[in-house]
Amino acid sequence: MVYDVVVVGGGPAGATAAHDLARSGHKVALLDREGRIKPCGGAIPPRLMADFDVGEDQLLAKISTARMISPSGRHVDIPVENGFVGMVDRKDFDPWLRQRAEAAGAERHIGTFTRVIRGRGWPRVVYRDKASGEDREIATRIIIGADGAKSRVARGEVPGADRIPLVFAYHEIIAAPLRDTTYDPQRCDVIYDGRISPDFYGWVFPHGDTVSVGMGTEDAGVNLKQATAELRRASALAQCETLRREGAPIPLKPLDRWDNGRDLVLAGDAAGVVAPSSGEGIYYAMTGGRVAASAAAACLASGNPKALRLARKLFMREHKTVFRVLASMQSAYYRSDSRRERFVSLCHDIDVQRLTFEAYMNKSLVKARPLAHLKIGFKNLRHLAGLVPETHV
Ligand SMILES: Cc1cc2nc3c(=O)[nH]c(=O)nc-3n(C[C@H](O)[C@H](O)[C@H](O)COP(=O)(O)OP(=O)(O)OC[C@H]3O[C@@H](n4cnc5c(N)ncnc54)[C@H](O)[C@@H]3O)c2cc1C
């Protein structure tokens, strides 16, 4: 038996690809090792819910305010106008996505991918079956590699995959504090402070009865647990019960190629696709799964492996500019506490607030207000050039 597509990895990217392909009538296998909750803050934008038909019943919380906190402890509360930031629990969200793909017709395989074998005939995906511990092989025309950061599929098949820069992120899931504290279950806090992270940020994301508190950094010398303990202390969350401690890498740069020119294409973290500055990856993983499914379908229909390139092309056409803007923001403002102070000051600007959240929620830069863009660009330049004195920050 030969599948049209074997999808390796059933996170947001792989489950979306398998769902789309099964719905369009393809014979699909979805392989996941199961049994490990993906460490993740779980923040998702409304655009994700609209594009991928995710109902509000998946949400643990709807966030209406984002608080940006500077190294000196100043903060700006940004109201999330015309929408919200949704919070999902990956413990439930990922299994739900996999079940949805299965209900659409994808066949589930539970085990750990080890390698692809090629010889005569179709390529075969080899995995260690979880129940029996035995090696199994499945033959397929196309493979989608969606097995996350440090993807084994990508490292074996696509040049450059072992050189993707990574942020090491760590968080603790804690019991939510009582309501009479300063904690607000509808407000997420984003902490820009060199003591918490020298090059990224820390966060407090409410998840209903629980809270995700964590941070990330590219600096392997930082003690993530210590930084998170400091963040919990500063946020008056040190006393809350700790339910889970977990960490994982976040890739920071999309690969130049997502396919092997033959029979395989990558999606999501496996392709390095997470937004710079924010580390947001769930929406981009699902979009990556969708474009990988379209590219696989085009390749199956035409028999032309060049169609696999379509995945990266379609994705970049839509998101390249936002990724570029976010990458330059990260390199300009995440490098010192004095820059972080300036960044939080910039967040006071009503136009910055509106454009940032519109871009987050709708995943496009709003072209309708060119004057606001100009104004922000000008303010940005004044801060970066040091024309706004420290005392006025
Ligand atoms: C601490 C932390 C906080 C984050 N917070 C947010 C946030 O708030 N919002 C946001 O949008 N993004 C966040 N991200 C990023 C986001 O979690 C990822 O970008 C997203 O999960 C990528 O989805 P994916 O499907 O590509 O990969 P993954 O979610 O990693 O899924 C990969 C799947 O592959 C399976 N797998 C892996 N290896 C194998 C193998 N060898 N064989 C079989 N199966 C395998 C795994 O079981 C898993 O199901 C965070 C990341 C971290 C680490």
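Colleague: Which residues of the largest nonpolar core touch the most other members?
Modeller: Bear in mind that this is a predicted model, where local features need pLDDT of at least 70, side-chain atom pairs count only at pLDDT 80 or more, and totals for chains, interfaces and linings use all residues. Numbering runs from 1 along each chain as its sequence is written. A nonpolar core here is a set of buried Ala, Val, Leu, Ile, Met, Phe, Trp, Tyr and Cys residues joined through C-beta atoms within 7 Å. The largest one has 111 residues, and those touching the most other members are V7, I144 and A296.

Colleague: And which helix supplies the largest share of this core?
Modeller: Helices (H or I, at least four residues) and strands (E, at least two) are DSSP runs numbered from the N terminus. The largest share is 12 residues, and the helix behind it, spanning 282-302, is α6.

Colleague: Which residues in α6 meet α7?
Modeller: Let's get the geometry first: the axes (lines fitted to C-alpha atoms, for helices over the stretch in contact, with angles from 0 to 180 degrees between N-to-C directions) come within 8 Å and cross at roughly 140°. Angles under 35 degrees count as roughly parallel, over 145 as roughly antiparallel, 65 to 115 as roughly perpendicular and the rest as oblique, so α6 and α7 are oblique to each other. Contact means C-beta atoms, placed from the backbone, within 7 Å. On the α7 side you find L310, A311, L314 and F315, and they meet T287, G288, V291, A292, S294, A295 and A298.

Colleague: How many residues of that contact of α6 with α7 are charged?
Modeller: Ala, Val, Leu, Ile, Met, Phe, Trp, Tyr, Cys and Pro count as nonpolar, Asp, Glu, Lys and Arg as charged, and the others, Gly among them, as polar. The split is 8 nonpolar, 3 polar and, for charged, none.

Colleague: What about α1 and α3: at what angle do they cross?
Modeller: The helices in play are α1 (residues 12-23) and α3 (residues 90-103), with axes that come within 8 Å. The crossing angle makes α1 roughly parallel to α3. As for the value, it's roughly 20°.

Colleague: How many charged residues are in the contact of α1 with α3?
Modeller: P12, A15, T16, A18, H19 and A22 in α1 meet D94, L97, R98, R100 and A101 in α3. Those divide into 6 nonpolar and 2 polar, and the charged ones number 3.

Colleague: Back to the core: which residues contact I144, leaving aside neighbours within four places in sequence?
Modeller: I144 is one of the residues that touch the most other core members. Its partners are V5, V7, V8, G14, A17, V265, A267, A292 and A296.

Colleague: Is S277 buried or exposed?
Modeller: S277 has a positive phi, near 75°, without being a glycine, and belongs to the loop between β16 (264-266) and α6. Buried means 20 or more other C-beta atoms within 10 Å, exposed 12 or fewer and partly exposed in between, with C-beta atoms placed from the backbone. S277 has 20 such neighbours, so it counts as buried.

Colleague: D53 also has a positive phi; is it buried or exposed?
Modeller: Its phi is about 55°, and it isn't a glycine either. D53 lies in the loop between α2 (46-51) and β4 (59-63). With 9 other C-beta atoms within 10 Å, D53 is exposed.

Colleague: How far apart in space are M215 and T228, C-alpha to C-alpha?
Modeller: M215 lies in strand β14 (residues 210-217) and is buried, with 24 C-beta neighbours inside 10 Å. T228 is among its contacts, along with Y170 and L231. The two are 13 residues apart in sequence, and their separation in space is 6.5 Å.

Key:
Contact = placed C-beta atoms within 7 Å.
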